[in-house]
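Me: Please take a close look at one part of this model. I would like a connected account of a single side chain and what surrounds it.

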Amino acid sequence: MELTPITLRQAQAFVNEHHRHNIAPRGHKFSIGLEKDGILIGVCIVGRPIARYSDDGKTAEVLRVCVLEGNPNANSKLYGAAVRACKAMGYTKIITYTLPEEGGASLRAAGFTAEGTTSKRPKGWDAPSRRRETLEKYPDGQKIRWSHN
C-alpha cells in the first residue's frame, strides 16, 4: 500500500460511493489517498473542526476516512499519515469522531486516545437560528471523540 496525493473531488467521489454511513464533507484542508497495485483503496479527508469551540486555529479534524473492505491496516496508515501531515503544518491537536459500534483499533494504532462522547443530535445540525436539512446518510446518535496531541 502506498500513500498518494488526491484532490478533494476525487476523495469526495470515493467517500460518496463507498462510505457506510456518511456522505463526503464539502471542504477540506487536504486529502490523502491510499493505493494498492495502482488502485485507490482508501481516502482520508482532513479539515477544520466542525465544532466551533474546537476551531482554535491549531486543531485539525479528520473529517472522513473510508477504506474498501479487505485491506487490513489501511485505516491506521491513513490516520498516521494525516497526523504526520498535520504536525508538519503546525497543528498541535488532531481530532476525529467515530460511532460507538466502531472499535477504534486503527485510531489507537495511530496514537489517538478517546476523550469522551458527544450528545445525540436527532435533528443533525439544524437549529432555529440556522436551519439545515438533515442529510439522508447521517448518523444522529452519540459519537466518540478521539484526539492526538
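Reply: What follows covers arginine 64, then the helix that it touches, and then a loop residue. The model is predicted.

Arginine 64 sits in strand β4, which spans residues 59–67. Arginine 64 is buried but has no salt bridge. The nearest side chain of opposite charge belongs to glutamate 61, 6.4 Å away; a salt bridge would need a side-chain nitrogen within 4 Å of a carboxyl oxygen. There is, however, a polar contact at 3.2 Å between the side chains of arginine 64 and asparagine 22. Leaving aside residues up to four places away in sequence, arginine 64 touches Val15, His19, Asn22, Ile23, Ala24, Pro25, Val43, Cys44 and Ile45.

One of these contacts, Val15, is also among the buried residues of helix α1 (residues 8–18). The others buried in that helix are Leu8, Ala11, Gln12 and Phe14. These buried residues lie on the same side of α1 because they cover an arc of only 165° around the axis. An α-helix has 3.6 residues a turn, so residues three or four places apart point the same way. The cover over the buried residues of α1 includes β2 (30–36), β3 (39–47) and β4. On the face turned away from that buried side are the exposed residues Arg9 and Glu17.

Glutamate 61 also gives a link to the loop between β3 and β4, where alanine 51 is found. The C-alpha atoms of alanine 51 and glutamate 61 are 9.7 Å apart, with the two residues 10 apart along the chain. Alanine 51 is partly exposed, at a relative accessible area of 25%.

Notes:
Residues numbered from 1 in each chain as written. Predicted model: local features only at pLDDT ≥ 70, side-chain atom pairs only at ≥ 80, totals over all residues. Heavy atoms only, no water. Helix = DSSP H or I, 4+ residues; strand = E, 2+ residues; numbered from the N terminus. Buried < 20%, exposed > 50% of the residue type's maximum accessible area, 1.4 Å probe, protein only. Lys, Arg positive; Asp, Glu negative; His and termini not counted. Polar contact = N/O pair within 3.5 Å; in protein donor to acceptor, adjacent residues only side chain to side chain. Contact = heavy atoms within 4.5 Å. Arc of directions from axis to C-beta.
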